[in-house]
Each structure stands twice: as C-alpha cells, then as structure tokens.
Amino acid sequence: MTEETPGFDEKPDVPSGATPDDAEPKAAAPSSEEGAAPAGDASENAGLVAQLDQVRTALNERTADLQRLQAEYQNYRRRVERDRVAVKEVAVANLLSELLPVVDDIGRAREHGELVGGFKSVAESLETVIAKMGLQQFGKEGEPFDPTIHEALMHSYAPDVTETTCVAILQPGYRIGERTIRPARVAVAEPQPGAQGAKPAEENTEAPADSAENDGNPGNPGNAGNAGNAGNKESGGPDEG
C-alpha cells in the first residue's frame with residue numbers, strides 16, 4: 001500500500017533570517033519613485049529661472065554698451081562736422097586774404113574812373129565770387145571807433161565830435177561771418193581837450209551879469225529899500241529928538 005504525501009502551497013524562496021514582510025519589496029518601489037518626481041521638476045525650474053536671470057542681465061549690459069557706443073558715435077560725427085566747417089572757414093579766409101590786395105586795386109581803379117572795358121567785367125565777376133564766399137566789407141565815415149575792428153593810422157582833434165570817431169576810411173575792412181580777416185584802417189578824431197571845460201566857465205561868467213541886472217531892476221523890493229536909504233542920507237536924515 002503506497003503512502004501519499006500531503007500537498008503544500010509553493011512559496012517563494014526567502015533568505016534565512018528574513019521576515020515574510022521583506023518578500024514583497026518590489027510592490028513598494030513604484031510609490032517612492034512617484035513621490036520623487038515633483039522634487040526633480042522643481043529643481044529643474046529653479047535652474048531655468050537662474051539661467052533666465054543671467055540672460056536678462058547680459059542683455060541689459062549689452063544694451064547699455066550699445067547705447068554708449070551710439071552716443072559716442074553721434075559725438076564723433078558732430079565733432080568731425082564741426083572740424084570740417086572750421087577747416088573750410090580757415091581755408092576760405094586764407095584764400096580771400098590773399099585776394100584782398102587785388103580787391104583794393106579794383107576799388108582804387110573804380111574811384112579814379114579807370115574801371116572800364118574788359119577789366120570792369122573781370123573785376124565785377126571777381127567781386128561776385130568773393131561775395132558768394134561770404135566776404136563782407138565794413139568801415140564807414142562817422143561811425144564810432146572800435147579797436148576790435150578798426151586800426152587807427154591817423155589821429156586828430158575836432159570840435160564837432162563828442163567821442164572818438166572815424167573821420168576817414170583809409171582802407172576798408174573785411175570779415176567772413178563773425179571772423180574779421182582785416183580791420184578797417186581809419187583816421188580818427190577826438191573831441192578838443194578844452195571843449196568840455198569851456199562850457200562851465202561860460203556859465204560861471206554869466207551868473208554875475210544876471211545879478212547885476214537884478215540890482216538895477218526897479219521892480220526888485222530890495223532895490224527899492226536901498227534907494228530909500230540913499231534918499232535919507234542925501235536929505236540929512238530925520239531930526240533927533
């Protein structure tokens with residue numbers, strides 16, 4: 001008669017010294033990974049924010065550099081333009097300064113009636129060109145003397161002037177805009193040294209004459225009293241007692 005061994009349920013191998021609860025570690029692992037996922041996303045977002053701040057800082061710095069370079073370029077353009085205008089004015093002034101003797105000869109020829117024919121046409125064309133270049137003539141008789149634009153070559157005194165005056169223009173002056181390239185050479189006249197002191201003296205001499213006239217005026221009450229006193233002296237005065 002054969003003996004049958006009773007049946008038993010198969011269980012997984014468990015290491016020695018381990019409890020049955022340790023036999024199911026894989027079931028708890030997925031829950032821990034799900035809890036760690038949000039923490040990784042937060043750290044990644046923080047890194048992106050930090051990178052964005054760095055990019056913004058770099059952008060602000062580059063923008064400031066660009067604005068500074070643009071301002072420097074504008075200043076450079078203005079300086080170059082100003083220097084170009086200054087160089088042009090100096091060149092034109094030097095050229096016209098060399099032509100002034102020719103212009104003076106043309107003026108003297110015109111005064112003597114020698115500006116005729118082809119010479120007149122050439123002279124007028126030259127005067128038109130230098131006028132377009134900005135050359136202006138100044139200096140007139142009778143204007144006050146200004147040492148900044150006038151050069152006095154002759155000096156005299158005149159009774160009919162009240163200040164230092166240009167009485168003759170020996171050579172006209174020329175300017176370009178506000179730049180004087182040659183002062184006007186003039187003859188000046190000043191007031192007579194004794195002309196101002198003579199007037200007070202005349203006024204002082206007229207005062208006694210007025211007082212003398214007042215003394216002889218019969219309508220003056222003081223004069224009437226003086227006349228009465230003179231009459232009393234002539235008649236011998238009133239009797240005493």
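Leaving aside neighbours within four places in sequence, Y174 is in contact with L100, V103, D104, L135, Q136, Q137, F138, T180, I181 and R182, where contact means heavy atoms within 4.5 Å. The model is a predicted one, in which local features need pLDDT of at least 70, side-chain atom pairs count only at pLDDT 80 or more, and totals for chains, interfaces and linings use all residues. Residues are numbered from 1 along each chain as its sequence is written, and side-chain values use heavy atoms, with hydrogens and water left out.

Y174 also belongs to the largest nonpolar core, a group of 10 residues that it shares with V92, A93, L96, L100, V103, I130, L135, I176 and I181. Such a core is a set of buried Ala, Val, Leu, Ile, Met, Phe, Trp, Tyr and Cys residues joined through side-chain atoms within 4.5 Å; buried means under 20% relative accessible area, exposed over 50%, and partly exposed in between, with a 1.4 Å probe and protein chains only. Two elements, α1 and β4 (173–176), give two or more residues to this core. The top contributor is α1, with five residues. A second, separate core has five residues, among them C166, A184, V186 and V188. In soluble globular proteins, nonpolar side chains tend to be buried together.

For the chain as a whole, the model shows four helices and six strands; helices (H or I, at least four residues) and strands (E, at least two) are DSSP runs, numbered from the N terminus. Along the sequence these elements follow the pattern α-α-β-β-β-β-β-β-α-α. Of the 241 residues of the protein chain, 13% count as buried. Among contacts between residues at least 6 apart in sequence, 63% join residues at least 24 apart.

Three of the strands make up an open sheet with the order β2-β6-β3 and mixed pairing, two strands being paired if DSSP finds at least two bridges between them. The edges are formed by β2 (150–158) and β3, each of which pairs on one side only. From one strand to the next, the twist averages 25°; axes for such angles are lines fitted to C-alpha atoms, for helices over the stretch in contact, and angles run from 0 to 180 degrees between N-to-C directions. On one side of the sheet, β2 and β6 run parallel and are joined by eight bridges, with H150 having A184 in β6 as its bridge partner. The pairing of β3 with strand β6 (residues 184–191) is antiparallel and extends over five bridges. Here A168 stands opposite A187 in β6, and Q171 has R185 in β6 as its bridge partner.

T165 offers a local view of this sheet, as its place is in strand β3 (residues 165–171). With a relative accessibility of 10%, T165 counts as buried. Its side chain reaches the backbone oxygen of E163 at 2.8 Å, a polar contact being a pair of N or O atoms within 3.5 Å; within protein, one must be able to donate a hydrogen and the other to accept it, and residues adjacent in sequence count only if both atoms are side-chain atoms. Not counting residues up to four places away in sequence, T165 touches G142, E143, F145, A187, V188 and A189.

Turning to charged pairs, the count comes to eight salt bridges, each defined as a side-chain nitrogen of Lys or Arg within 4 Å of a carboxyl oxygen of Asp or Glu. One of them joins D104 to R182, with the closest N and O atoms 2.7 Å apart. Because D104 lies in helix α1 and R182 in strand β5, this pair ties together parts that are 78 residues apart in sequence. D104 is buried, at 9% relative accessibility, and R182 is buried, also at 9%. Another salt bridge is formed by E89 and R179, whose closest N and O atoms are 3.8 Å apart. This pair links distant parts of the chain, with E89 in helix α1 (residues 29–111) and R179 in strand β5 (residues 179–182), 90 residues apart. E89 is partly exposed, with a relative accessible area of 41%, and R179 is partly exposed, with 36%. A salt bridge within a single element is found between the side chains of D105 and R108, at 2.5 Å from N to O. Both residues lie in helix α1, three residues apart, about one turn of the helix. At 43% relative accessibility D105 counts as partly exposed, and R108 is likewise partly exposed at 43%.
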